[in-house]
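Please open the model in your viewer and keep the selection tool at hand. Each stop says what to select and what is there.

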Amino acid sequence: MKTILDFQEKKHKKEKITMMTCYDYSFAKIAAASDIDCLLVGDSLAMTMHGHKTTLNASTNLMAVHTAAVVRGAGDKFVVADLPFMGYRKGLTANMTCVEKIMKAGASAVKLEGAIGNLELVRHIVDSGVPVMGHLGLTPQSVHQLGGYKVQGRDAKAQKKIMEQALALQDAGCFSLVFECVPSELAREITAKLEIPTIGIGAGADCDGQVLVLQDMLGMNADFKPKFLKTYLNGFDLMKNAINQYNDEVKKGVFPSEKESYS
Ligand code: KIV
């Protein structure tokens, strides 16, 4: 997928959209050689790549540095980059400076969390020529306000609110919406109602697409096992074993051999 038009086309053709996070050049090169549809430079990089407890530590400059690295490796993949915590809540000029830095780093679109207080900004960003992906349900930048990483939209009132916010973000010009940790039935209902594609993480099978954090799906984070996650590799053990093998071979004098040496 190369443009936002491809997202719309996939929705109309009922073809699933695949997205995964990517934070660096090396993985972007692998992603570029894969069939994945698009990449997200998520602010989850504050946790995955920098060891913070929440995404609140991602800054505009950090997002721009990682976005530029990903774009250098991503070939013609569509790259969405997150606007970080508080990067779009400080007034129009500051907000647009954040958008400008992320887009000049090479992103094809930006993503922001929540609808309340963001609708005018979404319109302004879209009118400035920048595609916007919305993000509803569990919005990790609001983890303290939400009282933790919990499934959202459990009761009728919360579901109505999420539905209204989805329609409002579509109306404001978002080309796609991420739904994180909401009941499958709600995601299905919203997906059927919206003209723009939905991309789910912990939102069931009926979204128009799915997104996962790359390190999680590769099993690199041995301690993180939420219900919604499926791991496609035992990355932690495989990589640890490779490192141990290298360590052993050096200590036993097996590596380097003549094959790896210059005469
Ligand atoms: O930052 C991120 O990784 C995300 C995904 C979980 C959708 O926003």
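The tour goes through three helix pairs and then three single residues.

**Before you start**

This is a predicted model, in which local features need pLDDT of at least 70, side-chain atom pairs count only at pLDDT 80 or more, and totals for chains, interfaces and linings use all residues. Numbering runs from 1 along each chain as its sequence is written, and side-chain values use heavy atoms, with hydrogens and water left out.

**Stop 1: α4 and α5**

Select helix α4, residues 60-73. Add α5, residues 92-104. Helices here are DSSP runs (H or I, at least four residues), as are strands (E, at least two), numbered from the N terminus. Two packed helices are described by the angle between their axes and the distance between the axes. The axes are lines fitted to C-alpha atoms, for helices over the stretch in contact, with angles from 0 to 180 degrees between N-to-C directions.

α4 and α5 pack at about 20°, their axes 8 Å apart. They are therefore roughly parallel to each other; that term covers angles under 35 degrees, while over 145 is roughly antiparallel, 65 to 115 roughly perpendicular and the rest oblique. Now show the side chains. On α4, the contact uses Thr60, Asn61, Met63, Ala64 and Thr67; on α5, Cys98, Lys101 and Ile102. Contact means heavy atoms within 4.5 Å. By class, the contact of α4 with α5 has 4 nonpolar, 3 polar and 1 charged residues. Ala, Val, Leu, Ile, Met, Phe, Trp, Tyr, Cys and Pro count as nonpolar, Asp, Glu, Lys and Arg as charged, and the others, Gly among them, as polar.

**Stop 2: α5 and α6**

Keep α5 and add α6, residues 119-127. The two axes come within 11 Å and cross at roughly 50°. That makes α5 oblique to α6. From α5, select Leu92, Asn95, Met96 and Val99; they meet Leu121, His124 and Ile125 of α6. This contact of α5 with α6 has 5 nonpolar, 2 polar and no charged residues.

**Stop 3: α6 and α8**

Keep α6 and add α8, residues 156-172. Their axes come within 8 Å, crossing at roughly 30°. α6 and α8 are therefore roughly parallel. Leu119, Val122, Arg123 and Val126 of α6 meet Ala168, Leu169, Asp171 and Ala172 of α8. The contact of α6 with α8 divides into 6 nonpolar, no polar and 2 charged residues.

**Stop 4: Gln170**

Stay on α8 and pick Gln170. Its side chain reaches the backbone nitrogen of Glu195 at 2.7 Å. Leaving aside neighbours within four places in sequence, Gln170 is in contact with Leu194, Glu195 and Ile196.

**Stop 5: Met19**

Go to strand β1, residues 17-21, and select Met19. Is Met19 buried or exposed? Met19 is buried, with a relative accessible area of 2%. Buried means under 20%, exposed over 50%, partly exposed in between (1.4 Å probe, protein chains only). Leaving aside neighbours within four places in sequence, its contacts include Ile36, Leu40, Met133, Val178 and Leu212. Ile199 is another contact. Met19 and Ile199 are 180 residues apart in sequence, but 8.1 Å apart in space, C-alpha to C-alpha.

**Stop 6: Leu233**

Finish in the loop between α10 (214-217) and α11 (235-252), at Leu233. Leu233 counts as partly exposed, at 37% relative accessibility. Beyond neighbours within four places in sequence, Leu233 is in contact with Met217, Leu218, Gly219 and Leu238. Gln215 is 18 residues from Leu233 in sequence and 9.8 Å away, C-alpha to C-alpha.

Conventions: Polar contact = N/O pair within 3.5 Å; in protein donor to acceptor, adjacent residues only side chain to side chain.
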